[in-house]
Amino acid sequence: MLFKTLISAALLSVATLVPAQALPAINQALTGTASQSSTYGGQPAASAADHAIDGNTSGVWSTNNPSNSLNHTGFEMNAWWEVDLGAMIAIDDIVIWNRTDCCVDRLNNFSVFLDGALIGAYNQQNGPTPSWSLNNVGQTGQVVRVQLNDRDYLHLAEVQVFGTVAAVPAPGALGLMGLGLMGLGLVARRRRP
């Protein structure tokens, strides 16, 4: 009887998840790790992928400004930039900030992917000025990618990914599951001759 009770408690507790906190969604990209398909060869230090997750939405790219805040790829087909958020995130909104000092139209045909699955696209004659939002995403994922659908440079002032860390098993559930497994071991030991 004790054995069945422990197993039932363990199984019920495994199904119990802690819901995502009812906290405001925060920009999860700020603590992520950025990468890109290539780096603009003329000014690699001013073109780093992590510039698009530094918290600065300024759309001015400058090779002479040490506080440059844009990433910049080389000229290529399907140039991409992505951020690994470091955990599974329940994503609410994604905001993509464009370069604004020139070349706004370079970001006029792009797709947004979450863990390799297409979740949105932008295809306008001109790029977003200054930003474009993909609202109410309602999906959980870890890697957000922005990818051009043609040949050009890709530069982004900022990519913001608003959401909360996805639900995780409750600590109590793991403890009860451990007790259940220990109970299995005790019962198995008693039955051995």
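A salt bridge is taken here as a side-chain nitrogen of Lys or Arg within 4 Å of a carboxyl oxygen of Asp or Glu. The structure is a predicted model, and a search of the whole of it finds three salt bridges. In general terms, side chains of opposite charge can pair when their charged atoms come close.

One of these salt bridges joins Arg145 and Glu82, whose closest N and O atoms are 2.9 Å apart. Arg145 lies in strand S9 and Glu82 in strand S5, so that the pair links distant parts of the chain, 63 residues apart. The two partners fall into separate accessibility classes: Arg145 is partly exposed, with a relative accessible area of 22%, whereas Glu82, at 18%, is buried. The cut-off for burial is under 20% relative accessible area.

Another salt bridge is formed by Asp101 and Arg99, with 2.7 Å between the closest N and O atoms. Asp101 is partly exposed at a relative accessible area of 35%, while Arg99 counts as buried at 6% relative accessibility. The side chains of Asp152 and Arg106 also meet in a salt bridge, with an N to O distance of 3.8 Å. This pair, too, links distant parts of the chain: Asp152 belongs to strand S10 (residues 151-152) and Arg106 to the loop between S5 and S6, with 46 residues separating them. Asp152 is buried, its relative accessible area being 17%.

The search of the whole structure finds one disulfide. The disulfide is formed by Cys102 and Cys103, whose sulfur atoms are 2.4 Å apart. The torsion about the S-S bond of Cys102 and Cys103 is about -65 degrees, and the disulfide is therefore left-handed. Cys102 counts as partly exposed, at 29% relative accessibility.

The largest nonpolar core has 29 residues, and among these Trp81 and Ile94 touch the most other members. Two or more residues are given to this core by each of strands S5 (80-98), S6 (109-114), S7 (117-123), S8 (131-134), S9 (139-148) and S11 (156-165). S5 provides the largest share of this core, seven residues. A second, separate core has six residues, including Leu70, Val95, Trp97 and Ala157.

Strand S6, one of the contributors to the largest core, was examined further. Six of the six residues of S6 are buried, so the strand is largely enclosed by the rest of the structure. Burial extends to both faces of S6: Asn109, Ser111 and Phe113 are buried on one side, and Phe110, Val112 and Leu114 are buried on the other.

S6 pairs with S7 and with S9. S6 and S7 run antiparallel and are joined by six bridges. Within this pairing, Asn109 has Asn123 of S7 as its bridge partner, and Leu114 has Ala117 of S7. The hairpin of S6 and S7 has two residues between the strands, and in it Asp115 takes a positive phi near 50 degrees. S6 and S9 also pair in the antiparallel sense, over five bridges. Here Leu114 stands opposite Val144 in S9. Leu114 thus has a counterpart in S7, Ala117, and a counterpart in S9, Val144.

Gln160 is found in strand S11. This residue is buried, with a relative accessible area of 15%. The side chains of Gln160 and Trp97 make a polar contact at 2.9 Å. With neighbours within four places in sequence left aside, Gln160 is in contact with Asn27, Thr57, Asp93, Ile94, Val95 and Trp97. Of these contacts of Gln160, Ile94 is one of the two residues that touch the most other members of the largest nonpolar core. Val95 and Trp97, also in contact with Gln160, are included in the second core.

Terms used:
Residues numbered from 1 in each chain as written. Predicted model: local features only at pLDDT ≥ 70, side-chain atom pairs only at ≥ 80, totals over all residues. Heavy atoms only, no water. Core = buried A, V, L, I, M, F, W, Y, C linked by side-chain atoms within 4.5 Å. Buried < 20%, exposed > 50% of the residue type's maximum accessible area, 1.4 Å probe, protein only. Helix = DSSP H or I, 4+ residues; strand = E, 2+ residues; numbered from the N terminus. Disulfide = S-S within 2.5 Å. Pairing = 2+ DSSP bridges. Polar contact = N/O pair within 3.5 Å; in protein donor to acceptor, adjacent residues only side chain to side chain. Contact = heavy atoms within 4.5 Å.
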